[in-house]
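Subject: Structure handover

Hi,

Here is the structure for you to look through. My notes on what turned up follow below it.

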Amino acid sequence: MNTEKTLAIIKPDAVRAGKIGPIITMIYESGLAIRAMKMLHLTKWEAEGFYHVHRERTFFNDLTSFMSESPIVVMVIEATDAIARWRALMGPTNPAQAEAGTIRAAFGTTIERNAVHGSDSPESAAQEIPYFFNNLEMYPE
Ligand code: ATP
Ligand code: MG
């Protein structure tokens, strides 16, 4: 059993569309546990810090503007193979390629406005979780 934690974000597009509830339902229905959660409105600077690995990409300025345009919901998800299972539930980056039943197929609109984020490796989860949460904000069960 490989119990691990991952960082999940409900992005500004999905929060504004009223999809916090449906997304949380999909998380629980797929057997993933939420160990921490809060709503935040990132500044541009905070969004740039979070997406620092993408700073050389052509879409970096648009991405960080999008992520700071209105509130997001950040969560820590824990489960066996949480990183891969949360990314499978999200679907691929481009919602046009996402299979029915994934969050991005249901709620994503473009490759940028794709409703949710998930850490892509144990290393990125270990960096991303403490960007938003300290130990006192996470609950073991
Ligand atoms: P995330 O990191 O948000 O979970 P991801 O791992 O599927 O998504 P990344 O390649 O890490 O995708 O890109 C980070 C985010 O940058 C994407 O979720 C999307 O919002 C945006 N993005 C990625 N590729 C493009 C692109 N070609 N044009 C515009 N925005 C993009
Ligand atoms: Mg990514």
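Helices (H or I, at least four residues) and strands (E, at least two) are DSSP runs, numbered from the N terminus. One caution: this is a predicted model.

Two backbone spots first. Asp81 sits in the loop between strand S3 (72-80) and H5. Its phi is near 55 degrees, a positive value in a residue other than glycine. Is Asp81 buried or exposed? Neither: Asp81 has a relative accessible area of 35%, so it counts as partly exposed.

Ala115 also has a positive phi, near 75 degrees, and is not a glycine either. This residue lies in the loop between helix H6 (103-107) and S4. Ala115 has 0% relative accessibility, so it counts as buried. The cut-off for buried is under 20%.

Now the largest pocket. Its volume is about 660 Å³. The lining has 26 residues, and those closest to the pocket centre are Tyr51, Val53, His54, Leu63 and His117. Which elements give two or more residues to this lining? They are helix H3 (44-50), helix H5 (82-90), strand S4 (116-118) and helix H7 (122-132). H7 gives the largest share, four residues. By type, the lining of the largest pocket divides into nine nonpolar, ten polar and seven charged residues.

The two loops tie in here. The Asp81 loop runs between S3 and H5, and H5 helps line the largest pocket. The Ala115 loop runs between H6 and S4, and S4 also contributes to that lining.

Best wishes

How values were computed:
Residues are numbered from 1 along each chain as its sequence is written. Chains are lettered from A and ligands numbered from 1 in the order in which they are written. This is a predicted model: local features need pLDDT of at least 70, side-chain atom pairs count only at pLDDT 80 or more; totals for chains, interfaces and linings use all residues. Side-chain values use heavy atoms; hydrogens and water are left out. On a 1 Å grid over the protein atoms alone, a cavity is a set of points where a 1.4 Å probe fits but cannot get out, and a pocket is an open set with protein on both sides within 12 Å along at least five of seven lines; lining residues have an atom within 4 Å of a point. Grid points are joined across faces, edges and corners, and a volume is the space filled by probe spheres set on the points. Ala, Val, Leu, Ile, Met, Phe, Trp, Tyr, Cys and Pro count as nonpolar, Asp, Glu, Lys and Arg as charged, and the others, Gly among them, as polar. Buried means under 20% relative accessible area, exposed over 50%, partly exposed in between (1.4 Å probe, protein chains only).
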